[in-house]
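Q: Please take a close look at one part of this model. I would like the side of one domain that touches the other, and then a single loop residue.

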Amino acid sequence: MTDELSDQAGVLPEAPPEASESSSHDIPMAAHLRDAIAKDWDPAPPMPHPARADLAPFAAARRGSLSKLFPGQLVVVPAGNPKVRANDTEYAFRAAGAFTWLTGETAADAVLVMVPTGTGHDSTLYVREFAQPGEVGYFTSRTHGAVWVGNVPSVGDTEHVLRLATRPLAALRDDLAHHRDDQSAVLTGVDAGVDALLPRGIGDRLGQVIDELRLTKDEWELDRLRDACAATARGFADVAREIPHVIDRRDVRGERWLEGAFWRRARLEGNDVGYGSIVGAGPHATTLHWWRNHGAIEPGQLLLADMGIETDELYTADITRTMPVSGTWTPDQLRVYRAVLEAQSAGIAEVKAGADFLAAHRAAMWVLADHLHSWGILPVSAEVSCADDPEQPGAGLHRRYTLHSTSHMLGIDVHDCALARDETYRGGALAAGYVLTVEPGLYFQVNDRTVPAELRGLGVRIEDDVAVTDGEPINLSAALPRDPDDVTAWMREVQGTPAAP
Ligand SMILES: [Mn+2]
């Protein structure tokens, strides 16, 4: 997924009201019925906690690194609340990345509280319990009744699996009342209820500090990103396998069929897609964020697919491949593809500890500008520097055909670490453990009069997920081929094997 870094300072929305416990179409229940139905239940079947058993020491170390930066201060990081989609229906919940990074928990409404001690902090996780047998809500609450929506992991099981002291969410208000006047750091804007409990919480710096700590991935996180890339590669194979079923079918939305094939893999192997899939055939590939995906697939077109699977632990891949839907490249397609591939390889070569974050971008842009000039599209060579940015090749005019930046951080969030300061991110240097995308692209719009007719409507992006080391960069998404001959050979191979879970 492409990212404009200038937009990185997002504003977190206010938490909206929860969906109501009952709905207008529910049939009212008389008191004597409630009393009768409330009786004679055994305990509800337990729901095992979904976290991996090997997570706990890594999450503890992350809390430890945060603890050192807020000595003597209460630290509060909420997961956030479900968002209402309409009336009593909600969007699928996804916890705030900072919260999951510190706890490994992914449940809605949960809150991490770190109470200062003499030497550090004592951490407690608060989790919502659902209504159990013996309570009317067990069978009447469509949001928190275990009969309606299934059980949630118990407080005890959560504490055992996460190895983190855990208490019922119902205790949070009283527990925080003791700290109402303490100096506190609250990740604000995530859970309005928590914000109200600690009106003096200082929010801005905590989000920035956590996102700067998140720049460096630990071993466990690198393994989750490897998992995400491996699952995503299988999802790309599912998509390539389905192309013959929709090619030359102008009566169906072939892009949607392919999007659905990927989503099935995402739900099978992970939590969801990490961001809305971009599946653009033909001229749709020139729209950077083509999310409509409602086009048909016509023979001879290029297909640009920018897709990532998010694991159950919420780490996502972000991979783009461009492939010829008919299985062979035209000379013009190949010319553009090879230029982008050369730019990407030049960019990846710059990914190493100590290098500027923007080094990969500069290397990739120089290659693109050089090709654009050689094709007669850019009026000046890549050597001519830009007046307002000496580092920009081709006087900056190449941006008309590429528009987006080349890299962004990747982790729990597809555009990870968005609250990190410029001097630690875009204007900073890479360090071992950082993971970023390298994703140059060329996009020739159908209505661009500066582009030769034979290239109009061609869009190519190639995106990989690269881990920084003190030596050579590690391409976590290398399982998906990039060489143009390897891409078509891979398409033939996967189209010769049936889909399988
Ligand atoms: Mn991306």
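A: The domain contact comes first, then the loop residue. This is a predicted model: local features need pLDDT of at least 70, side-chain atom pairs count only at pLDDT 80 or more, and totals for chains, interfaces and linings use all residues. Numbering starts from 1 along each chain, as its sequence is written.

The protein splits into domain 1 (5-213) and domain 2 (219-495). These bounds come from an automatic or database domain assignment. The C-alpha centres of the two domains lie 36 Å apart. Domain 1 puts 17 residues into the contact, and domain 2 puts in 17 residues. Contact here means C-beta atoms, placed from the backbone, within 7 Å.

Now the domain 1 side. Both α3 (97-103) and α9 (204-213) supply at least two residues each. The top contributor is α9, with 4 residues. Helices are DSSP runs (H or I, at least four residues), numbered from the N terminus. By class, this side has 6 nonpolar, 7 polar and 4 charged residues. Nonpolar covers Ala, Val, Leu, Ile, Met, Phe, Trp, Tyr, Cys and Pro; charged covers Asp, Glu, Lys and Arg; the others, Gly among them, are polar.

Next, P153. P153 sits in the loop between α5 (146-149) and α6 (155-162). P153 counts as buried because 23 other C-beta atoms lie within 10 Å. The cut-offs are 20 or more for buried, 12 or fewer for exposed, and partly exposed in between, with C-beta atoms placed from the backbone. Leaving out residues up to four places away in sequence, P153 touches M47, P48, H49 and T158. V127 is 26 residues from P153 along the chain, and their C-alpha atoms are 9.1 Å apart.

Technical notes. Two residues are in contact if their C-beta atoms, placed from the backbone, lie within 7 Å.
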